[in-house]
Amino acid sequence: MIEFDRVTVTYPDSDRAVLADVDLTIAEGELALVVGRTGVGKSTLLGAVNGLVPHFTGGTLAGRVVVAGRDTRTHKPRELADVVGVVGQDPLSGFVTDTVEEELAYAMEQLAVPADVMRKRVEETLDLLGIAELRDRPLHQLSGGQQQRVAIGSVMTAHPAVLVLDEPTSALDPTAAEEVLAAVTRLVHDLGVTVLLAEHRLERVVQYADRLIEVREDGSVMVGEPAAMLAACTVAPPVVELGRLAGWDPLPLSVRDARRRAGPLRERITARPVPARRPPTVGGTRRPTLSARGVTVRYGAVTAVRGVDMDLHAGEVLALMGRNGSGKSSLLWALQGSGPRQRGRVDVGGDDPGSLPPAQARALVGLVPQEPADLLYLDTVAQELDQADHESATAGRGSARGLLDRLAPGIADPCHPRDLSEGQRLSLVLAVQLAAAPTVVLLDEPTRGLDYAAKRSLIGIVDRLAAEGRTVVIATHDVEFVAAAADRVVVMGAGDVIADGPTADVVVASPAFAPQVAKILAPLDYLTVDQVRAALGGSAP
Amino acid sequence: MTVTSRSHRWSLAAHRRLPRTLHPVAWWVWALGLATAASRTTNPVLLLLIVAVLGVVVAARRGEAPWARAFRYYLGLALAVVVIRVAFRSLFGGAVDVTTVHVLVTLPRIPLPRWAAGIQLGGAVTLEGTVGALYDGLRLGVLLCCLGAANSLANPKRALRVLPGALYELGVAVVVSLSVAPQLVESVQRVRRARRLRGDTAVGRHALRSIAIPVLEDALERSLRLAAAMDSRGYGRTGTASPRDRRVTGVLMIGGMAGLCAGAYGLVDAGAPGVLGLPALLAGAALCCVGLVLGGRRVRRSQYRPDPWALAEWVVAVSAVVPAAVLVAAVGHGVAALNPSTDPLVWPTLPAIPTVAILFAAVAGVAAPPPIRSASTAPRREDGRSPAPADAVSSPAGPPVEVPA
C-alpha cells in the first residue's frame, strides 16, 4: 500500500539527511507504529506519505514514495486526498469549518462526492467514531478527545485507504486517549484501513501495532515485529523495560501479557522490602512553603477552580492530575498570581503573590506555561539568558547560563530558541524562570512531546530542585512520569480536589491512573521499573 | 428527497417548528432592504424604529456561534458614530447667523490661518446644527446596525458558499482569515499573560517586540498547519483544467473588469463618448459572466446540505423589500415627514405608511425558522494550546448564549 524506495530527505539549511536511504513497504490493513527519539525524522516520514514532504515543507526528496500506485513526485497532497487521510498533532489548528457535521463533509466536498453519498457517509462516520451526539456542536467547544475523533472522522469520510496520525494522543488525558485509540483500532479491524501512527507514549499504543518502524538519529529506519524490535529499541514503555529486566521472551507488549508471565517475578520479590521510589525529601521539617485557602477561579458563568485548599511543603514534588478541562492550569496560574483569582488567599512566606508586582511574584512562585515558547522572543539563547539575569533582581550576571548548563548541558549561545528541541526549550524556559530563585516551581504539562530519555532527565532536574529545598508542582496526564517523579498526587475534577495523598495511594486506587508496573505486579506496592530493579539487586535476571 | 420536502415547502408552520438555518442570502437581502429604507430618511423616530426591528429579529433568530454576538458591537460602533458626528459638528460648526437660530453654548473660537478659509474651529454651537448632526449620525449608525444584524444572523462562511465556483479561491482566503483572526486574539492574550511570568511589565517598543514575536510566530505556524490540512484534504484540486483554459479565463475576467470600469466612467461622466457608457458596461458584464462560468467549470466540487430556498426565505426577503420600496416611493412623492426640517426646528412626526412598512420587516422574526441550538451541557476544553486562564478564551463564545424567551 505504501512503498518507500531508497528515500532520502534533506532540508536546505541542514547538513545531514533527516531520512537516509529508507526502504519500506507497508502492506494493506497494517497498523504500523513509528517510534524514535524527539527530533528524529518521524514527522518527515509521515509527511512523505501524502507528499506534504517535500511539496509543502520544502527540502529535497530523493528516491520514490508510492502510495496506492500513485507517485508523490507527480501527485500533490491534494491529489492524494482520496487515498491518504492525515491528522495532525493539534486537531483544532486543522479544522476549516465551524461545526462537526460540516467538518466531516469538507473533504468530500473537495472531492466532488455527490450530495446523497455525502449524507450517507457523514452518518456512517458519526456512528463509527461514536460522535453522533456531537453533530451540531461548534468544533472549538469539544474536549480534546472529541476533537481528535472528529479530526479522524473528517478524513475518513473521503474513504482513504491509508490513515496517517501524528501523535494523536499526546495532549490527551488517559481516558480520552483510550477513546481515540479504540476508534483507530476499530478502523483497522472493521474497515481494513492501513494506519501509520507516530507516538511518544508507547505504553498506550504498542500493544495494537502490527509492526514497529524505528527512525534512528542518523536517518536510517529499522522495521520489524514489535516484540523483537523493542528488545533493543532506544525507546521502550515500562512494560517492555520490565520484560527486559525479567528476561521474558518474547517481550510482553500489553499489561495483560506481562501479568500472565509475572507470577514467578512476583514470588521472587514478594518477601523483599519494597525499595524507596523517590529520594527522601530534605529538611523533614514539613514547613509549608505555599498555603492556599479557598482559591476560586471563574470565567463568566464557568467555575474553573472551586474553593481549593492546598499546602505545599519544601522539598516536595506534587503531581496535579485530572482530565482535560478539570481546572489544573487555572489553579497553577492562580497560585502564581498572574492568572485570575476571584476568591481565596495564597500565602508564600507571608506574601500573596497575586497582590505583588509580577517581578516580585516570580521570585516567590515560578511558572513554566504549557507553551514555553510564549516566554521567548529574542534571537539567541544567550540574549534570552542575559535578559533573564537582567529581569531577576536576585541573580548575578551569568547565573541563568549556569542554571541552563546544569539543567541541559550543551545548548550553545548562538542557537535560536525556535531551533531547540522540545526538551531543550523547556530547559531554557525553566532556567529563565529559575533565575529569579523562586521557592515554588510550577510546571504546566512539561512532558508533552518528550521521549522517555528526555522525561528521565526531567525527573533528574525535578529531583535536584526538590533537593535544594524548593517545591515543585507538575500538572500532567502522564501516569508513568508521575509514578517516577512525584511524592504526592492531587487529582482534580470539575474544579474540585477529589483526591490528595501519597503517589502510591492515589494512582494505584484508580484504574485509569495506575502505572503499568503497578498493574502488572499488583497487589505488590511497586510503581516503577527502577524499584523492581533495586529489589532484584545484583541477582537479576 | 425532493418529493418529501416539497410537500412541506409551502407550509410556513412546518418550517417554523423545525429548527434550521435560514439561507444566508435571505438574511442579507433582509438587512440590505432595511438599510435601503434607512438611507432614505433622517426621521429619528423611523430610524429608531428600524433599530428596534433589527434588535427584535436578531434576538429571536440568531444562533449560538461566535459571530452571532456581533450585533452588540455594531450597536456600540453606531453609537460612537453618532457621538463623533455631533462632536465634529459642534467643533467645526461654521459661521451661523446667530439671530435666527438657538445658540446652546458658545465655544472659544480658534483663529485659523488663511489657507484654511471656510473652516471654523469653535464658535457658537446651535441647537439646529446639533440636531441636524444627530439625524445624520443616526442614519449612518442605523446603516451600520443593518450590517451588524446581517453578520450576526447569517453564518459568514455559509454565505460565501453561494459565490460562483471561479471565485472559490477568494472565498477560501476569507474563510482562513476568519478562522485565524480569533485565534490571533487568543494568542495575544496568552502571550501577554505569559509576559507577566517573566516579570516583564515594560510598555512601548520593548513590549511590542516581546508580544508581537511569539504571537506572529504562532500565527504563522497555525496558518501553515491550516493550509497543510486543507491541502491534504483535497482543497484546490484543479480537476481537468489545462493551462490554456486558465489563460482564457484570466483574459476574459480582466477584459470584463476593464469593460465594467469604462462603462461606469462613461455613465458618470456626461462628456464621455456614448460608446463608453451603457454598451461598455454591458459588454464588460457579459465578458465577466463568461469568465466566471468557464472558471467555475474547472473547479469540481460538491456541496454538503446546501441551504434550501423555501417559503421562509421568500417571506424574510420580501418583508424587508416592502419597507425599502415604500420609503423609496415616498421620497419620490415628496413625503416631508421622512426628512424633518432642522431649520427651522420642528418636532419629527410619524408618517403612517412608512411606519407600517418598517414594522412589517419584523415579520422576519416569526417567519424565519428558529436556529439550531446545541444541548446546553457543553463540556469545555482547557487542554491543548491555551493555558488555563485561556479556557475562557478557548471558547470564543464564552458563556452560553442566553436564549430569548
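Reader: Happy to look at this with you! How many helices and strands does the secondary structure of chain A come to?

Author: Glad to have you here. Please keep in mind that this is a predicted model. For chain A, the secondary structure comes to 21 helices and 19 strands.

Reader: What radius of gyration does chain A have, and what would a compact globule have?

Author: The C-alpha atoms of chain A fill a box of roughly 70 × 55 × 50 Å along the principal axes. A compact globule with 541 residues would have a radius of gyration near 24 Å, and chain A agrees with that, having 24 Å.

Reader: What share of the residues in chain A is buried?

Author: Contacts offer a helpful background here: among those in chain A with a separation of 6 or more, 70% join residues 24 or more positions apart. As for burial, the share of the 541 residues of chain A that is buried is 57%.

Reader: Let's zoom in on a sheet. What is the order of strands in the open sheet of three strands in chain A?

Author: The pairing in this sheet is antiparallel. Its edge strands are S12 (302-313) and S14 (343-347) of chain A, each pairing on one side only. On average, neighbouring strands are turned by 10° against each other, direction ignored. Read across chain A, the order is S12-S11-S14.

Reader: Which residue in S14(A) does A:Ala292 stand opposite?

Author: Strand S11 of chain A covers residues 288-299 and pairs with S14(A) in the antiparallel sense, over four bridges. Opposite A:Ala292, in S14(A), stands A:Val346.

Reader: Which helix packs on the sheet, touching S11, S12 and S14 of chain A?

Author: The direction of this helix makes about 120° with that of S11(A). The helix spans residues 328-336 of chain A, and its name is H12.

Reader: How many residues of H12(A) are buried?

Author: The buried residues of H12(A) include A:Leu331, A:Leu332, A:Trp333 and A:Leu335. A:Lys328 and A:Gln336 are on that list too. The helix is mostly covered, and the buried count is nine of its nine residues.

Reader: Which residue with positive phi follows H12(A)?

Author: Its phi is near 100°. The residue that follows H12(A) is A:Gly337.

Reader: Why does A:Val113 count as buried?

Author: A:Val113 is found in the loop between helix H3 (100-110) and helix H4 (115-128) of chain A. The cut-off for a buried residue is 20 or more other C-beta atoms within 10 Å. A:Val113 counts as buried because its C-beta neighbours inside 10 Å number 21.

Reader: Which residue of chain B is A:Val113 in contact with?

Author: Leaving aside neighbours within four places in sequence, the contacts of A:Val113 include A:Met108 and A:Met118. From chain B, the contact is B:Ser302.

Reader: How far apart in space are A:Val113 and A:Gly337?

Author: In sequence, these two residues are 224 residues apart. From C-alpha to C-alpha, the distance in space is 53 Å.

Reader: Now for the partner chain. Which helix gives the most to the side of chain B that touches chain A?

Author: In total, 57 residues of chain B are in contact with 71 residues of chain A. Helix H8 (168-197) and helix H9 (205-232) of chain B each supply at least two residues of that side. By class, the side has 23 nonpolar, 13 polar and 21 charged residues. Giving the most, with 13 residues, is H9(B).

Reader: What distance separates the centres of domain 1 and domain 2 of chain B?

Author: Chain B is divided into domain 1 (14-161 + 303-374), domain 2 (163-236) and domain 3 (239-302). Taken over C-alpha atoms, the centres of domain 1 and domain 2 of chain B are separated by 33 Å.

Terms used: Residues are numbered from 1 along each chain as its sequence is written. Chains are lettered from A and ligands numbered from 1 in the order in which they are written. This is a predicted model: local features need pLDDT of at least 70, side-chain atom pairs count only at pLDDT 80 or more; totals for chains, interfaces and linings use all residues. Two strands pair if DSSP finds at least two bridges between them. Axes are lines fitted to C-alpha atoms, for helices over the stretch in contact, and angles run from 0 to 180 degrees between N-to-C directions. Two residues are in contact if their C-beta atoms, placed from the backbone, lie within 7 Å. Ala, Val, Leu, Ile, Met, Phe, Trp, Tyr, Cys and Pro count as nonpolar, Asp, Glu, Lys and Arg as charged, and the others, Gly among them, as polar. The radius of gyration is taken over C-alpha atoms; the globule rule is 2.2 Å times the number of residues to the power 0.38. A residue is buried if 20 or more other C-beta atoms lie within 10 Å of its own, exposed if 12 or fewer, and partly exposed in between; C-beta atoms are placed from the backbone. Domain bounds come from an automatic or database domain assignment.
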